[in-house]
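User: Please take me through the nonpolar core of this protein. I am new to this, so explain each term as you use it.

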Amino acid sequence: MDFTGFVLQHLPPPPARVLEVGCGSAGGVVPALAALGYEALGVDPDAPEGDGYVRARFEELEPGRWDVVVAGRVLHHVWPIAEGLDRLAAFAPLLLVDEFASDRIDEAAQDWYEAQHRLWQVARPATPPAGAAAARRRWRRARASW
Ligand SMILES: C[S@@+](CC[C@H](N)C(=O)[O-])C[C@H]1O[C@@H](n2cnc3c(N)ncnc32)[C@H](O)[C@@H]1O
C-alpha cells in the first residue's frame with residue numbers, strides 16, 4: 001500500500017482539515033485529498049507553487065487549526081525529533097506518519113540507501129530532486145553525531 005492509501009484508510013471523512021508536512025516537490029498527498037473534498041495544505045521548503053501549498057518549514061506555521069497532520073518520510077529530517085513531535089502534536093489531535101528508525105540504521109543499510117540515490121542519479125541525471133544534495137549532507141551530519 002502506498003502512503004496515500006495508508007492516509008486515506010485512517011483519515012476521518014471529508015471535509016477535515018489536513019496538513020501535509022514535508023509534501024516534497026511533487027506535492028505529496030495534497031491533490032488526492034483535495035479531490036476527495038478535504039481542506040489540504042502541503043508545507044515544505046520545496047513545495048510546488050500554487051494553491052494548496054506553502055513553501056516553508058512546518059515550524060514557521062501557527063499550530064492548532066488542523067484535524068490531522070500527515071508526514072511521509074519527513075521526520076528523519078527533523079532535529080531534535082522530540083521538539084518536532086511536540087510541535088506537531090500541537091497542530092492536530094491525529095498524526096499519520098510513515099517513517100523509519102534512523103537511529104537504528106546500520107552501515108549496510110546506509111550503503112544500500114546511498115546506492116539507491118546513486119542509481120537514481122544515473123537514471124535521471126537531468127532532474128535531481130529539489131534539496132536532495134542538502135538532505136544527504138544533513139543526513140550524513142546527523143549520522144556522524146550519533
Ligand atoms: C524524503 S523527502 C519526502 C517527500 C515526500 N513526503 C515523499 O514521501 O515523497 C523529505 C521532505 O521533507 C521536507 N522537510 C524537511 N524538513 C522539513 C520541515 N521542517 N518542514 C517541512 N518540510 C520539511 C524536505 O524539504 C523534503 O521535501
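Analyst: Here is a close look at the core, starting with the chain around it.

This is a predicted model, where local features need pLDDT of at least 70, side-chain atom pairs count only at pLDDT 80 or more, and totals for chains, interfaces and linings use all residues. Residues are numbered from 1 along each chain as its sequence is written.

The protein chain has five helices and five strands. These are DSSP runs, numbered from the N terminus: helices are H or I with at least four residues, strands are E with at least two. Along the sequence the pattern reads α-β-α-β-β-β-α-β-α-α.

Now for burial. A residue is buried if 20 or more other C-beta atoms lie within 10 Å of its own, exposed if 12 or fewer, and partly exposed in between; the C-beta atoms are placed from the backbone. Of the 146 residues in the protein chain, 23% are buried.

A nonpolar core is a set of buried Ala, Val, Leu, Ile, Met, Phe, Trp, Tyr and Cys residues joined through C-beta atoms within 7 Å. The largest one here holds 27 residues. Val18, Leu19, Val21, Val69 and Val70 have the most contacts inside it. The elements giving two or more residues to this core are strands S1 (17-21), S2 (39-43) and S4 (68-72), and helices H2 (30-35) and H3 (81-91). S4 gives the largest share, four residues. In soluble globular proteins, nonpolar side chains tend to be buried together.

Take Leu19. Two residues are in contact if their C-beta atoms, placed from the backbone, lie within 7 Å. Beyond its neighbours within four places in sequence, Leu19 touches Leu41, Val43, Trp66, Val69, Phe91 and Ala92 by that rule. Across the protein chain, 53% of the contacts with a separation of 6 or more join residues 24 or more positions apart.

Next, S2. Four of its five residues are buried, so S2 is largely enclosed by the rest of the structure. S1 and S2 pair in the parallel sense over five bridges. Two strands pair if DSSP finds at least two bridges between them. In this pairing, Glu20 stands opposite Gly42 in S2.

For contrast, look at H4 (residues 107-123). None of its 17 residues is buried, and H4 is hardly covered. Ser102 sits in the loop between strand S5 (94-98) and H4. Ser102 is partly exposed, because 17 other C-beta atoms lie within 10 Å.

Notes: Expected span 1.5 Å × (residues − 1).
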